[in-house]
Amino acid sequence: MLEALDRVRGEVVTDLQTQLRFEVLMLDAYEDFAALAERFGVGYVVFNDHVPHERLEAGKLPKRLTGTALKSGRSPEALLKLMQELHARRDELPEAITALAARFAAAGVRMGSHDDRSAEEHAMWHGRGTTIAEFPETLEAAEAARAAGDGIVMGAPNVMRGGSHNGNVPAHELVALGLCDALASDYHYPSLRRAAMFLVEAGVCDLSRAWALVSSGPARMLGLEDRGVLEPGKRADLLVVEAKSGRLAATMSGGRFSYLSGDVAERFM
């Protein structure tokens, strides 16, 4: 994927940048992952731990084991064995992840935590150099991120669904409390624009604040100081939507149109 992005980066209008998530208990892959990020100039790395430790500790099967196994190209038995092996190595994690985070920090890579569940968990990641809390699962974790001065990202699909599919804190509640700086499209790209509009229609916030969650907020957190706002000297990154329907009419990246539709397309073409 990274090689393909490198090939097309100079050919497409949209500015394509890379975020990589890394499962931290893949302890044998640390060197390969760090080398990969360095080779392709990845500027943002997020640390995940999706191993279901509590269920494995209790001797229970992980939820959705069969479906997850099929998606990963493994049998349920092979995936369970892998999870159990990773779970058994969790005591090796603190030393390994601290060294990896230090390596990324020295290279100027921004780092984020993922699915923080408590203030203590966020503090642990923040102490290793993360500055972004991605999808905190609880109000406590989000408040800890805000107190630490870290950026907070929530999922736009969470906003559209009215809550998390895992029963975590609803994104719109964190927006209302001022505990969300950016929305991510996550697994459903159209939700990014729709979530901003939904927040306005639901009376959670006004359009200026809602749109900042998909423009200036993400740009600020990622250190992209040349974009995110409409000001002289900034990149001409524009999104045009139809006022009544909210449908996407045009996008412009760096002063060049990358998408045209409907009446706008007719005017220009």
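User: Hi! Which residue stands opposite A184 in β6?
Analyst: G155 does: in this predicted model, G155 stands opposite A184 of strand β6.

User: And how do β5 and β6 pair, parallel or antiparallel?
Analyst: They pair in the parallel sense, over 3 bridges. Strand β5 covers residues 151-155.

User: What holds paired strands together in general?
Analyst: Strands of a sheet pair through backbone hydrogen bonds.

User: Cool. How many strands form the sheet, and in what order?
Analyst: The open sheet is formed by 6 strands, in the order β1-β2-β3-β4-β5-β6, with parallel pairing. At the edges are β1 (19-23) and β6 (182-184), each of which pairs on one side only. From one strand to the next, the twist averages 30°.

User: Switching to helices: which residues of α7 are buried?
Analyst: Helix α7 runs over residues 119-127, and its buried residues are E121, H122 and W125.

User: Why are those on the same side of α7?
Analyst: They cover an arc of only 95° around the axis, so they sit on the same side of α7. As background, an α-helix has 3.6 residues a turn, so residues three or four places apart point the same way.

User: What's exposed on the other side of α7, then?
Analyst: E120 and G127 are exposed there.

User: And what do the buried residues of α7 pack against?
Analyst: They pack against three strands and two helices by name: β2 (44-48), β3 (110-114) and β4 (132-134), plus α6 (93-106) and α8 (139-147).

User: Last one: what phi does G129 take, just after α7?
Analyst: G129 takes a positive phi of about 110°.

Methods. Residues numbered from 1 in each chain as written. Predicted model: local features only at pLDDT ≥ 70, side-chain atom pairs only at ≥ 80, totals over all residues. Heavy atoms only, no water. Pairing = 2+ DSSP bridges. Helix = DSSP H or I, 4+ residues; strand = E, 2+ residues; numbered from the N terminus. Axes fitted to C-alpha atoms, helices over the stretch in contact; angles between N-to-C directions. Buried < 20%, exposed > 50% of the residue type's maximum accessible area, 1.4 Å probe, protein only. Arc of directions from axis to C-beta. Contact = heavy atoms within 4.5 Å.
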